[in-house]
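Student: I have a model open on my screen and would like to learn how to read it. Could we start with one contact and work outwards from there?

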Amino acid sequence: MKTKITIHDVPEVVGYIQKAMADKISALAELDSLIGDGDMGVTISLVFRACVRYTKSVDMDISFAQLFNDLSEVIGENAPSTFGTFIATMCKSIADHCGDMQKIDAVSYGKMLNWAAEGVMQRGGAKLGDKTLLDALIPAGEAAATAAGVNGDSLAETARIAGEQAAVGAENTVNLKATIGRAGYMGERTVGSKDPGAEAIAQILTIFSSYVNM
């Protein structure tokens with residue numbers, strides 16, 4: 001069980017998530033085909049492949065701000081889809097806010113999730129309830145901030161709670177109507193299907209929770 005993530009842990013974290021997400025790609029692609037263009041699986045694969053290449057090739061004696069700034073550029077170049085762009089945006093928003101952060105602990109993890117959500121909202125104009133990835137990310141960030149900042153929970157517990165709330169948020173999108181982006185054109189036809197972006201975020205945060213709870 002980990003109490004913090006240092007910059008030197010990042011290659012292992014990214015590799016762990018990539019390996020676990022490989023088993024989710026087909027299901028995410030199928031989900032995306034219902035209300036999107038079906039490229040979610042490919043995008044996820046490209047995102048983590050690029051991140052793994054980057055973390056293996058760079059000297060990890062860098063700051064978290066530099067790391068997330070670089071990841072934003074790497075993802076933007078290698079996964080230029082809508083979802084890839086939003087993942088890159090999350091990384092850039094974290095880079096812009098994290099300052100001289102030396103480690104990812106429970107408190108900083110909650111802050112990072114909220115910074116990521118703020119970046120996506122500013123970039124795409126969506127909000128909670130619009131049936132997007134924010135329906136998983138916002139509840140996760142709020143839950144993590146409460147767990148760490150108010151209750152004083154550990155990183156492991158904070159990550160577990162964030163993952164659980166992201167999964168609940170993703171599940172709740174089944175009953176929502178998409179109002180923005182490509183899915184927004186389908187309107188009422190999106191009701192009854194889970195948002196693939198929200199599900200992807202929930203899967204990633206759940207896998208991260210598994211990592212820090214090992």
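Tutor: Happily! Keep in mind that this is a predicted model. Start with a polar contact between two side chains: those of Asp130 and Thr179 are joined by one of 3.0 Å.

Student: What does the side chain of Asp130 reach at the backbone of Lys127, and at what distance?

Tutor: It is the backbone nitrogen of Lys127, and the distance is 3.0 Å. Polar contacts can involve backbone atoms too, as the Asp130 side chain does here with Lys127.

Student: Where along the chain is Asp130 found?

Tutor: Look at the helices on either side. Asp130 sits in the loop between α6, which covers 106-124, and α7, which covers 134-150.

Student: Which residues does Asp130 touch, leaving out those up to four places away in sequence?

Tutor: Contacts of this kind show what a residue meets beyond its own stretch of chain. For Asp130 they are Asp135, Lys177, Ala178, Thr179 and Ile180. Thr179 is also the partner in the side-chain polar contact.

Student: Is Asp130 buried or exposed?

Tutor: Here you compare relative accessibility with a cut-off: under 20% means buried. Asp130 has 7%, so it counts as buried.

Student: And what about Lys131: where is its place, and is it buried or exposed?

Tutor: Lys131 also belongs to the loop between α6 and α7. Its relative accessibility is 2%, so Lys131 counts as buried as well. Check its backbone too: Lys131 is not a glycine, yet it has a positive phi of about 60°.

Student: Let's zoom out. How many helices and strands does the protein chain have?

Tutor: Count the elements by type: there are 10 helices and 0 strands. Reading along the sequence therefore gives α-α-α-α-α-α-α-α-α-α, with strands absent under the DSSP assignment.

Student: How do I judge the overall packing?

Tutor: Compare the radius of gyration with what a compact globule would have. For 214 residues that is near 17 Å, and the protein chain has 16 Å, so the two agree. Its C-alpha atoms fill a box of roughly 50 × 40 × 30 Å along the principal axes, and 52% of the residues count as buried.

Student: What share of the contacts with a separation of 6 or more joins residues 24 or more positions apart?

Tutor: That share is 70% in the protein chain.

Student: Last one: how many positive and negative side chains are there?

Tutor: The protein chain has 18 positive and 26 negative side chains, and the centres of the two sets lie 2 Å apart.

Terms used:
Residues numbered from 1 in each chain as written. Predicted model: local features only at pLDDT ≥ 70, side-chain atom pairs only at ≥ 80, totals over all residues. Heavy atoms only, no water. Helix = DSSP H or I, 4+ residues; strand = E, 2+ residues; numbered from the N terminus. Buried < 20%, exposed > 50% of the residue type's maximum accessible area, 1.4 Å probe, protein only. Polar contact = N/O pair within 3.5 Å; in protein donor to acceptor, adjacent residues only side chain to side chain. Contact = heavy atoms within 4.5 Å. Rg over C-alpha atoms; globule rule 2.2 N^0.38 Å. Lys, Arg positive; Asp, Glu negative; His and termini not counted. Charge placed at Lys NZ, Arg CZ, Asp CG, Glu CD.
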